[in-house]
Amino acid sequence: MNYVSTRNTDVKVSASQAITKGISSEGGLFVPENLPAVSVAEIEKLASLDYIGRAKSILSLFLTDFTEAELDSCVKGAYETGFSSEKVAPLVKLEDGTYILELFKGPTCAFKDMALQILPRLLTVASGKAAKGTEIVILVATSGDTGKAALEGFKDVENTRILVFYPSDGVSPMQKLQMCTQEGANVSVCAIEGNFDDAQSGVKKIFTDKAIAEKLAANGMAFSSANSINWGRLVPQIVYYFSAYCDLVAGGDIKAGDAINVCVPTGNFGNILAAYYAKEMGLPVKKLICASNSNSVLTEFLTTGVYDKNREFFTTISPSMDILISSNLERLLYSMSGSENVRSWMKALAETGKYEVDAATLEAIKADFAAGCCNDDETKATIAGVFKSKDYLCDTHTAVAVKVYNDYKASTGDATPVVIASTASPFKFSAAVLEAVDGKNDLDEFEMVEKLAAVTKKSCPEQLANLRDKAVRFDGCCSKDSMEQVVFDMLGV
Ligand SMILES: *Cc1c(COP(=O)(O)O)cnc(C)c1O
């Protein structure tokens with residue numbers, strides 16, 4: 001299978017090249033030339049496999065230049081032992097017809113682990129094929145969870161270095177502590193003065209700067225990306241939508257071929273795009289429901305066709321979704337409208353911060369997607385409501401999805417069974433979750449973790465509780481204009 005750039009379909013690369021490069025040199029994102037099809041009969045077969053078996057089947061459709069043995073070792077290395085649930089991504093029934101897909105059972109307690117436990121393994125194999133002998137430098141811009149998950153995935157991986165930038169005031173105390181205490185000889189972490197979009201734009205700029213690339217090449221290094229612009233991040237996310245569907249079939253909740261809806265708390269549009277690809281491949285999904293917090297740029301876009309990032313930026317209690325430029329939307333636009341339109345819309349976005357798609361594209365989008373948003377008060381009320389009525393504790397991001405789904409169901413009457421993606425452990429966002437279930441307090445982060453556990457009778461994942469005793473290794477902060485220098489300093493070039 002070949003991959004093309006969303007901005008120039010004459011750029012054609014292998015899976016290994018797409019994963020190694022991360023982003024196409026003219027700024028486009030790599031997408032499969034054609035999506036493979038999976039029939040209902042094949043889905044029924046997948047239902048009899050475990051997560052590892054399902055992952056190998058789906059990934060082999062996309063990573064066609066990987067051998068079976070290579071895929072086997074990547075998948076097993078990622079999912080065999082690193083997750084606290086043997087199902088890897090367990091499905092929890094909240095009530096009849098409503099299921100929570102728990103994607104936070106990995107080492108950093110956020111859904112980013114689903115992809116970032118396997119990406120370093122894919123990248124090591126891919127760069128061995130596509131860029132032998134080169135040291136891979138991973139640059140990450142994070143809204144909180146990607147940074148830690150990437151650090152954990154890449155720490156001490158041979159022939160790689162990783163540098164993470166996070167917005168100094170845009171992450172939760174637990175997220176910050178997770179990153180600043182990171183162990184490993186090849187890792188570095190730096191705060192930037194600005195928000196996530198500043199971090200992401202800075203990293204994208206460094207990636208596509210020819211002079212910087214030449215300087216790295218002269219030192220035997222090359223950049224790659226662990227952000228969801230990298231195809232190797234997206235493809236493992238397709239797996240768990242198939243897996244969730246298989247669990248519903250295997251558990252007798254639905255029959256193979258029945259439609260489901262999927263609702264995803266969305267920031268950079270990676271997770272929900274993976275669900276869209278699963279649908280396009282043949283997974284029986286009726287609606288993809290895109291849930292946003294007060295940064296509702298996607299709600300507006302998916303309902304009106306106007307993407308306008310010129311708006312107030314809100315720092316919310318669901319910080320991993322505090323994003324105004326959703327990078328992966330470009331891949332959806334490519335699927336629906338082709339590279340010529342993508343080029344002109346992305347140009348308009350870069351120049352004016354705004355674009356509007358044509359009526360046909362909007363109609364196609366609306367056929368597949370519904371969208372909604374909610375604010376912090378509604379998020380907290382949802383956490384409290386779900387906890388009281390179902391004894392289920394969800395994190396702030398998941399609560400946004402639950403609220404938006406409830407609104408969708410109430411306004412449309414669509415009672416198709418739904419899978420709601422749950423993207424983080426509630427203990428990663430203890431302050432807001434505790435306030436929701438127990439009212440305001442003035443405790444410190446770890447006192448809140450303990451109180452949340454006591455009040456809800458749920459236990460805090462060990463890897464979060466243990467952070468209390470870890471030494472801070474990284475406390476630097478730079479301006480958005482000095483990110484380039486921070487990169488050079490870290491690499492010693
Ligand atoms: C990253 C993240 C999201 C948003 O996912 P996208 O793929 O960027 O849309 C939602 N919730 C949590 C907890 C996250 O870490």
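This is a short walk through the structure above, from its overall form to a few of its side-chain pairs.

Let's begin with the whole chain. The model is a predicted one, and the protein in it holds 22 helices and 16 strands. The radius of gyration is 21 Å, close to the 23 Å that the globule rule gives for 493 residues, so the protein is as compact as a globular protein of that length. If you draw a box along the principal axes, the C-alpha atoms fill roughly 60 × 50 × 45 Å. Of the 493 residues, 60% count as buried. The accessible surface comes to about 18,000 Å², and carbon and sulfur atoms account for 47% of that area. The contacts also tell you something about how the chain is arranged: among those between residues at least 6 apart in sequence, 75% join residues at least 24 apart.

For a look at the interior, go to strand β7, which spans residues 160–167. Here 8 of the 8 residues are buried, so the strand is largely enclosed by the rest of the structure. Its side chains split between two directions: T160, I162, V164 and Y166 point one way, while R161, L163, F165 and P167 point the other way. Both sets are buried. Strand β6 (residues 135–141) runs parallel to β7, and 6 bridges join the two. To find the pairing on your screen, look for V137, which stands opposite R161 in β7.

Now to the charged residues. Side chains of opposite charge can pair when their charged atoms come close. In this model the count comes to 26 salt bridges. One of them joins E330 to R7, with the closest N and O atoms 2.7 Å apart. This pair links distant parts of the chain, since E330 sits in helix α14 (residues 329–337) and R7 in the loop between β1 (3–5) and β2 (8–13), 323 residues apart. Both E330 and R7 are buried.

A more local case is the salt bridge between D72 and K76, where the closest N and O atoms are 3.3 Å apart. Why are D72 and K76 separated by about one helical turn? Because they are 4 residues apart in helix α4 (residues 68–79). K76 is partly exposed, with a relative accessible area of 31%.

K286 and D414 form another salt bridge, their closest N and O atoms being 3.1 Å apart. K286 lies in strand β11 (residues 285–292) and D414 in the loop between α18 (396–412) and β15 (418–422), so the pair ties together parts that are 128 residues apart in sequence. The two partners differ in cover: K286 is partly exposed at 40% relative accessible area, whereas D414 counts as buried at 8%. Elsewhere, salt bridges that share partners join R54, K87 and D247 into one network.

Finally, the cysteines. How many disulfides are there? The count comes to 0, with a disulfide requiring two cysteine sulfur atoms within 2.5 Å. Take C290: the closest cysteine sulfur is in C263, 8.4 Å away, which is too far for a bond. C290 is buried, with a relative accessible area of 0%. For C460, the closest cysteine sulfur belongs to C109 at 7.3 Å, again too far for a bond. C460 is buried too, with a relative accessible area of 17%.

Conventions
Residues numbered from 1 in each chain as written. Predicted model: local features only at pLDDT ≥ 70, side-chain atom pairs only at ≥ 80, totals over all residues. Heavy atoms only, no water. Buried < 20%, exposed > 50% of the residue type's maximum accessible area, 1.4 Å probe, protein only. Salt bridge = Lys/Arg side-chain N within 4 Å of Asp/Glu carboxyl O. Rg over C-alpha atoms; globule rule 2.2 N^0.38 Å. Contact = heavy atoms within 4.5 Å. Areas by Shrake-Rupley, 256 points an atom, 1.4 Å probe, with all protein chains shown as cover. Pairing = 2+ DSSP bridges.
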